[in-house]
Amino acid sequence: MKIPFLNLTMQDKLILTDVQHMVRMTAKKSSFILGPDVRAFEEEFASYCGSNFAVGVNSGTDALFLSLLAMGIGPGDEVIVPAFTFIATAFAVSYTGATPVFADIDKDTYNLDPDSFSSAITKRTKGVIPVHLFGQCADMSAIMAIARKRGIKVVEDACQAHGSVYHSSNVRRRTLDVGRKAGAIGDTGCFSFYPTKNLGGWGDGGLITTNDKPTYEKLRILRDCGRDKLRYEHVRVGYNSRLDSLQAVVLREKLKFLDQWNAKRKMFACEYGRLLSSVEEIVTPHEHPGHVYHAYCIRLKKRDRLQSHLHSKGIGTVVYYPLPLHLQKAYKGLKYSAGNFPVSERTCKEILALPMHPFLTMAQIRFVVSQIKQGLRSA
Ligand SMILES: *Cc1c(COP(=O)(O)O)cnc(C)c1O
């Protein structure tokens, strides 16, 4: 049995006819840039997240970058970022001229550890980017409380968490944030519509959510050449970072399926968890009810050997991420070294993402787990 890590063609089949029709309509109107579909998608996605506003941009990376710019973050400032995430979280900080300052992650959720965040704060700290990694919200009550007390702006990296709901297992820290969706908690929420995300376009795309009107207005100017109302009047240095109308067409159709697809992911995660619970060598994901399983990641000591066994059986797996950000060549200049963030470093050595998408079958899950067990026996 061949079990690919991902399957995008099944999603596309479901929306193809409607998208073809909508693309024809868009072409007829020649409304390719910031047309009615972008506006409609922004409204639909904001309402889906429970946010007041949304601004479509050209990628998740730019969603993060423009968020930081809108908050006035730049040279001389520091922004705290988990050491275990996709590199774009830190690059967005670097693009503004500010310095990314790394912090460690929680050993169970793989998300920013509030204590490590707290101890990384200096006089220069202007922002923090909690990442809702693999589809599970970071400990937002704790992070928001620390950030508010110190006047630090919070940019949620929700690029892997479309539709994820924040839950807290820490009763003392429960606040009004519990039950809110990823992207609707911090000062802004950043989404990517890279094709493999829980909500993915047919190309690059991204979006920023916010509840703050002035931030919303700044973001609209920043993503569209610094123009405010008039076409050739530019009120500040802006960027060409618009969400493409044709991507908005695809995303509007797919958004209709998002909850259903996330529910499928949860169901498959639940089955993985049940079948793997008896396997001692494997740590299964720590689960809050709002998890949307962008990835289903297990952790184990003999990761590399298990991965080659699974590949030899036709099962697609991915290691993300194999190297923490503070040890990447791109950030050599920041002078971090091995041992600085032990939880992130260990996670990089032990993490393995199993096949996860809404079109798996229970038989495929059972096959993956039986091959995991066989691989461990022979390892
Ligand atoms: C995908 C991703 C991004 C970047 O999104 P792009 O649309 O590829 O620019 C940023 N952060 C995280 C955690 C991501 O998974």
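**Exercise 1. Determine which residues line the largest cavity, and characterise that lining by class.**

*Solution.* Step 1. The lining of the largest cavity consists of Asp-108, Thr-109, Tyr-110, Leu-133, Phe-134, Gln-136, Pro-285, His-286, His-291, Ala-295 and Cys-297. The coordinates belong to a predicted model.

Step 2. Sorted by class, this lining has six nonpolar residues, four polar residues and one charged residue.

Step 3. The space enclosed in the largest cavity amounts to about 60 Å³. The structure holds one cavity of 30 Å³ or more.

**Exercise 2. Describe the largest pocket by its volume, its lining and the helices that contribute to it.**

*Solution.* Step 1. The volume of the largest pocket is about 470 Å³.

Step 2. Its lining comprises 18 residues, and those nearest the centre are Leu-34, Arg-220, Arg-223, Asp-224 and Asp-228.

Step 3. Two helices, H2 (36-49) and H7 (213-223), each provide at least two lining residues. The largest share, six residues, is that of H7.

Step 4. The class count for this lining is twelve charged, five nonpolar and one polar.

**Exercise 3. Carry out the corresponding analysis for the second largest pocket.**

*Solution.* Step 1. The second largest pocket has a volume of about 340 Å³. Among its 20 lining residues, Phe-86, Ser-192, Tyr-194, Lys-197 and Tyr-321 are the closest to the centre.

Step 2. Helix H3 (60-70) and helix H4 (88-95) are the elements that give two or more residues to this lining. H3 supplies the largest share, three residues.

Step 3. By class, the lining of the second largest pocket contains nine polar, eight nonpolar and three charged residues.

**Exercise 4. Identify the residues closest to the ligand and list polar atom pairs between side chains and the ligand.**

*Solution.* Step 1. The ligand is surrounded by 14 residues, of which Gly-60, Thr-61, Asp-157, Ser-192 and Lys-197 are the closest. Ser-192 and Lys-197 also appear among the residues closest to the centre of the second largest pocket.

Step 2. Pairs that involve an oxygen atom of the ligand include a polar side-chain atom of Thr-61 at 2.5 Å and an N or O atom in the side chain of Gln-160 at 2.8 Å.

Step 3. For Asp-157, an N or O atom of the side chain is 2.8 Å from a nitrogen atom of the ligand.

**Exercise 5. Establish whether Thr-210 is buried or exposed, and describe its surroundings.**

*Solution.* Step 1. Thr-210 belongs to strand E7 (residues 206-210).

Step 2. The relative accessible area of Thr-210 is 1%, and the threshold for burial is under 20%, so Thr-210 is buried.

Step 3. With neighbours within four places in sequence set aside, the contacts of Thr-210 are Ser-51, Asn-52, Phe-53, Asp-187, Thr-188, Thr-215 and Tyr-216.

Step 4. A polar atom of the Thr-210 side chain lies 3.1 Å from the backbone nitrogen of Asp-212.

Step 5. Between Thr-210 and Ser-31 the C-alpha to C-alpha distance is 26 Å, with a separation of 179 residues in sequence.

**Exercise 6. For the two arginines Arg-227 and Arg-303, assign burial and find the backbone oxygen that each side chain reaches.**

*Solution.* Step 1. Arg-227 is located in the loop between H7 and helix H8 (245-255). Its relative accessible area is 16%, which is under 20%, and therefore Arg-227 is buried.

Step 2. The backbone oxygen of Arg-231 is reached by the side chain of Arg-227 at 2.7 Å. Not counting residues up to four places away in sequence, Arg-227 touches Ile-221, Tyr-232, Glu-233, His-234 and Arg-242.

Step 3. Arg-303 lies in helix H10. With a relative accessible area of 7%, Arg-303 is buried by the same criterion.

Step 4. The side chain of Arg-303 reaches the backbone oxygen of Ile-351 at 2.7 Å. Beyond neighbours within four places in sequence, Arg-303 is in contact with Val-319, Cys-348, Lys-349, Glu-350, Ile-351 and Leu-352.

**Exercise 7. State which residues of helix H11 are buried and which elements they pack against.**

*Solution.* Step 1. In helix H11 (residues 342-350), the buried residues are Ser-344, Glu-345, Thr-347, Cys-348 and Glu-350.

Step 2. These buried residues pack against strand E8 (296-299), helix H10 (303-312) and strand E9 (351-354).

Step 3. Cys-348 and Glu-350 are also among the contacts of Arg-303.

Definitions and conventions
Residues numbered from 1 in each chain as written. Predicted model: local features only at pLDDT ≥ 70, side-chain atom pairs only at ≥ 80, totals over all residues. Heavy atoms only, no water. Helix = DSSP H or I, 4+ residues; strand = E, 2+ residues; numbered from the N terminus. Buried < 20%, exposed > 50% of the residue type's maximum accessible area, 1.4 Å probe, protein only. Contact = heavy atoms within 4.5 Å. Polar contact = N/O pair within 3.5 Å; in protein donor to acceptor, adjacent residues only side chain to side chain. 1 Å grid on protein atoms, 1.4 Å probe; cavity = no way out; pocket = protein on both sides within 12 Å on 5 of 7 lines; lining within 4 Å. Points joined across faces, edges and corners; volume = space filled by probe spheres on them. Nonpolar A, V, L, I, M, F, W, Y, C, P; charged D, E, K, R; others polar. Near = heavy atom within 4 Å.
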